[in-house]
Amino acid sequence: METHNEIQQKVATNLLQIKAIKLSPSNPFTWASGLKSPIYCDNRATLSYPQVRDYIRDSFVTLIRQKYPEVEVIAGVATGAIAHGMLVAEAMGLPFIYVRSDAKKHGLGNQVEGILEAGQKVVVIEDLVSTGGSSLVAVDALREKGANVLGLLAIFTYGFQKAVDAFAEKNCNLDTLSNYDALLQNACNSGYIDAEKLETLKQWRLDPAKWGEQFA
C-alpha cells in the first residue's frame with residue numbers, strides 16, 4: 001500500500017503532466033480575487049484523463065477508509081468537486097449529496113442537495129483549498145442540516161496559513177491528496193523549474209499580496 005507521501009508525489013506529478021496545475025513565476029496569473037499568482041490550479045482537467053481521475057478516486061477512498069471508516073455519506077462541494085465526490089461515493093457504495101455555495105433562489109431553496117438525515121456522519125470532498133472560505137461554507141451548511149462532519153478531503157491545497165487557521169477555528173479536519181510543498185519538490189526534481197523559480201514560488205506563498213505588487 002502506498003504511503004501518504006507517495007500519494008502526494010504521484011498526484012503532484014499527474015497534475016503537472018496534464019497541466020491541471022501551471023507554474024509561471026515571471027508571467028503570473030490573475031485569480032478571480034484580483035490576486036497575482038505564479039500558480040494556477042484547475043482540477044476539473046483531471047476528469048478528462050481516466051487514469052488520473054481513477055487514481056484520485058482510489059486515493060480518496062483509501063484515505064477515507066483509513067481515517068473515517070464510520071462514514072455514512074459522501075458530500076461534494078459544488079461545482080468543482082461534485083464529479084469527484086460522486087466517483088468516491090460510487091466506489092464506496094455510499095449515498096451522495098452535494099453542497100451549493102448558497103441556497104437556491106427558487107424551488108425548495110436548498111443549499112444541500114440530496115437526502116441527508118440529522119446525525120449522519122459525512123466526509124466532504126473538495127477539489128481545491130486556497131483560503132478555505134468556500135470549503136467551510138459547505139461544512140457550515142452541512143452542520144446546519146444536522147450532519148456530523150468527520151472531515152474534508154481535497155485534491156490540492158496551497159497551504160496558506162489563513163486556511164490552516166480557518167479550519168482549526170471551525171474544528172474541521174483537513175486532509176489533501178497533494179499540496180504546494182509536494183508540488184514544488186516534484187517540479188524541482190523533475191526539472192520543471194530551476195532553483196531561482198523555486199525560491200520565487202516559496203516567497204509567493206509567504207505573502208501573496210505583497211509578492212503580486214511587483215506586477216502592479
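**Chatting through a predicted model**

Biologist: Hi! Let's start with Asn171: between which two elements is Asn171 found?

Modeller: Asn171 is found in the loop between helix α5, residues 161-169, and strand β10. Keep in mind that this is a predicted model.

Biologist: Noted. And what is phi like at Asn171?

Modeller: Positive, near 55°, in a residue other than glycine.

Biologist: Is Asn171 buried or exposed?

Modeller: Exposed. Its relative accessibility is 65%, and the cut-off for exposed is over 50%, so Asn171 counts as exposed.

Biologist: Which residue in the loop between α1 and β1 also draws the eye?

Modeller: Lys19, which sits between α1 (4-17) and β1 (21-23). Lys19 is not a glycine, yet has a positive phi of about 65°. With 55% relative accessibility, Lys19 counts as exposed.

Biologist: OK, peptide bonds now. Where is there a cis one?

Modeller: From Ala78 to Thr79, with omega near -5°. Thr79 belongs to the loop between β5 and α3, the latter covering residues 82-92.

Biologist: While we're at β5, how does β5 pair with β6?

Modeller: In the parallel sense, over four bridges, with β5 covering residues 73-77 and β6 covering residues 96-99. Within that pair, Gly76 stands opposite Tyr98 of β6.

Biologist: What is the order of strands in the sheet they belong to?

Modeller: The order is β7-β6-β5-β8-β9-β10, an open sheet of six strands with mixed pairing.

Biologist: Which strands are at the edges?

Modeller: β7 (112-113) and β10 (174-179), each pairing on one side only.

Biologist: Switching to helices. How far does α2 reach from its first C-alpha to its last?

Modeller: 26 Å, for 18 residues running from 50 to 67. That is close to the 26 Å expected at 1.5 Å a residue.

Biologist: And which residues of α2 are buried?

Modeller: Val52, Tyr55, Ile56, Ser59, Phe60, Val61, Leu63 and Ile64.

Biologist: What do those buried residues pack against?

Modeller: Two helices, α1 and α3, along with the strands β5, β8, β9 (148-157) and β10.

Biologist: α1 again! Where are Gln8 and Gln9, then?

Modeller: Gln8 is in helix α1, and Gln9 lies there too.

Biologist: Why do they count as buried?

Modeller: The cut-off is under 20% relative accessible area. Gln8 has 14%, so Gln8 is buried, and Gln9 counts as buried because its value is 16%.

Biologist: What do the two touch, leaving out residues up to four places away in sequence?

Modeller: Gln8 touches Thr176, Leu177, Ser178, Asn179 and Ala182. For Gln9, the contacts are Ala182, Gln185 and Asn186. Ala182 therefore turns up in the contacts of Gln8 and of Gln9.

Biologist: Nice. Last topic, pockets: how much space lies in the largest one?

Modeller: About 560 Å³. Its lining has 27 residues, and the closest to the centre are Arg44, Asp127, Leu128, Ser130 and Ser134.

Biologist: Which elements give two or more residues to that lining?

Modeller: Strands β4 (39-41) and β8 (121-129), plus helix α4 (133-144).

Biologist: And how does the lining divide into nonpolar, polar and charged residues?

Modeller: Twelve are nonpolar, ten are polar and five are charged.

Biologist: Great, thanks for the tour!

Definitions and conventions: Residues are numbered from 1 along each chain as its sequence is written. This is a predicted model: local features need pLDDT of at least 70, side-chain atom pairs count only at pLDDT 80 or more; totals for chains, interfaces and linings use all residues. Side-chain values use heavy atoms; hydrogens and water are left out. On a 1 Å grid over the protein atoms alone, a cavity is a set of points where a 1.4 Å probe fits but cannot get out, and a pocket is an open set with protein on both sides within 12 Å along at least five of seven lines; lining residues have an atom within 4 Å of a point. Grid points are joined across faces, edges and corners, and a volume is the space filled by probe spheres set on the points. Ala, Val, Leu, Ile, Met, Phe, Trp, Tyr, Cys and Pro count as nonpolar, Asp, Glu, Lys and Arg as charged, and the others, Gly among them, as polar. Two strands pair if DSSP finds at least two bridges between them. Buried means under 20% relative accessible area, exposed over 50%, partly exposed in between (1.4 Å probe, protein chains only). Contact means heavy atoms within 4.5 Å. The expected span of a helix is 1.5 Å times one less than its number of residues.
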